[in-house]
Every structure is written in C-alpha cells, then in structure tokens.
Amino acid sequence: MEIVEGIGIGLAVFVVAVLILFLRRALVTRTGGTIRLHVRVSTLLDGRGWSPGFGRFAGDELRWYRMFSFAIRPKRVLSRETLVVRRRRLPEGQERFSMPADWVILSCTSQQTPIEIAMERSTVTGFLSWLEAAPPGAVSPRLAHQDWPAA
C-alpha cells in the first residue's frame, strides 16, 4: 500500500507543478503585447545556449520570461532607452536545430552588454517599430544599421 501512496503523492505533485506553470503563463500573458522570444543565455558553445520564452511589452520595457520557470518576475528586462540593434541574421549551424526556420536573430547591446535575441520574422517589424518609436520630429539612435540586408 505504501508504494501506491507514494505514486499517488508523486502524481499529485506533478499535476500541481504543471498547473502552476500554466497559471503563471496565463497571468503573465493576460494583457496582450506578448511575443515568442528566445534569448541566448550562454555563448560557451557556438550556436547553442538559446533559452525559449516569451517577451511582454510594458511601456518602455521588454520583459523576458523563461518558458519553463516557476518565477513570476521576468528573467531579463530590456529597456528601450538602452537597447541598440547592431545586426540581424538568419540562424546558422546548430541554431537551425534549436529554433524554427523563419526566425531572425538580432545581435543587440543593452547598457553596453551584448545580447542576442531571436524571434519570428513577422515579429521583427513590430519589435523594431517599438524600439525606434520616438516623439514626433525626433530621430531614433537605437538602430545602428539602416542598410541591413534582407533577412
């Protein structure tokens, strides 16, 4: 009987953990302005280190939440004021296996720290529009290269 009780308790813990993950995601994404977004958290191995998640626009911030995490707070917050896109490219080598083919990788800097983010090609336009949004008549310095090759 102890084995059956142990299995029952283990199954109950598993179900509660899955429910918490789904509840967390529902709470974070409930207000819209959410995109699928991968962030490169490690550059030790070439083409690896990507972590899936979703980004949520909140005013002048893009808040990134890991897909498989119990945390309610974002893992990373990118401010529109300090984020600069340096270049964009298609996934190469091992990256092609870790993300869909129609995704684009943006090499950026945030507060002088390099960061790579990846998102769907159709999302890039909206992201860049959000990034370069400025008061009427102002020129946005946030995009380093205006003559990017078509990705």
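## Overall architecture

Helices and strands are here DSSP runs, a helix having at least four residues and a strand at least two, numbered from the N terminus. In this predicted model, the order of these elements along the protein chain is α-β-β-β-β-β-α-β-β-α. The chain thus contains three helices and seven strands.

The protein chain has 151 residues, of which 33% count as buried. Its exposed surface amounts to about 9,600 Å², and carbon and sulfur atoms supply 59% of that area. Among contacts between residues at least 6 apart in sequence, 46% join residues at least 24 apart.

## Nonpolar cores

The largest nonpolar core has 19 residues, and the members that touch the most others are L37, L106, I117, M119 and F127. At least two residues come from each of β1 (34–40), β3 (61–66), β5 (83–89), β6, β7 and α3 (121–132). Helix α3 supplies the largest share of this core, five residues. Apart from this core lies another, of five residues, including W50, M99, W103 and A118.

Which residues does F127 touch beyond four places in sequence? The contacts of F127 are F57, L62, L83, V85, L106, I117 and M119. L106, I117 and M119 therefore appear both in this contact list and, with F127 itself, among the core members that touch the most others, where a core is a set of buried residues joined through side-chain atoms within 4.5 Å.

## The surroundings of W64

W64 belongs to strand β3. Is W64 buried or exposed? With a relative accessible area of 2%, W64 falls under the 20% cut-off and is therefore buried.

Residues up to four places away in sequence aside, W64 touches L37, V39, V41, S51, P52, G53, F54, G55, P74, K75 and R76. Of these partners, R76 lies 12 residues from W64 along the chain, and the C-alpha atoms of the two residues are separated by 5.2 Å.

## The largest pocket

The largest pocket encloses about 210 Å³ of space. It is lined by 13 residues, and R76, T113, P114, I115 and E116 are the closest to its centre. Two or more lining residues come from each of β4 (76–79), β6 (103–110) and β7 (113–120). Strand β7 gives the most, with four residues.

By residue class, the lining comprises five nonpolar, five polar and three charged residues. R76, one of the residues closest to the pocket centre, is also a contact of W64.

## From β6 to β7

T109 is located in strand β6. This residue counts as buried because its relative accessibility, 18%, is under 20%. Neighbours within four places in sequence aside, T109 is in contact with T82, L83, V84, R86, P114 and I115. P114 and I115 are also among the residues closest to the centre of the largest pocket.

Q111 is found in the loop between β6 and β7, and Q112 occupies that loop as well. Q111 is exposed, because its relative accessibility of 59% is over 50%. Q112 likewise counts as exposed, at 77% relative accessibility.

What is the sign of phi at Q111? Phi of Q111 is positive, about 55 degrees, although the residue is not a glycine. Q112 also has a positive phi, near 65 degrees, and is likewise a residue other than glycine. Most residues other than glycine have a negative phi.

Terms used: Residues are numbered from 1 along each chain as its sequence is written. This is a predicted model: local features need pLDDT of at least 70, side-chain atom pairs count only at pLDDT 80 or more; totals for chains, interfaces and linings use all residues. Side-chain values use heavy atoms; hydrogens and water are left out. On a 1 Å grid over the protein atoms alone, a cavity is a set of points where a 1.4 Å probe fits but cannot get out, and a pocket is an open set with protein on both sides within 12 Å along at least five of seven lines; lining residues have an atom within 4 Å of a point. Grid points are joined across faces, edges and corners, and a volume is the space filled by probe spheres set on the points. Ala, Val, Leu, Ile, Met, Phe, Trp, Tyr, Cys and Pro count as nonpolar, Asp, Glu, Lys and Arg as charged, and the others, Gly among them, as polar. Buried means under 20% relative accessible area, exposed over 50%, partly exposed in between (1.4 Å probe, protein chains only). Contact means heavy atoms within 4.5 Å. Accessible areas come from the Shrake-Rupley method with a 1.4 Å probe; for residues, only the protein chains shown count as cover.
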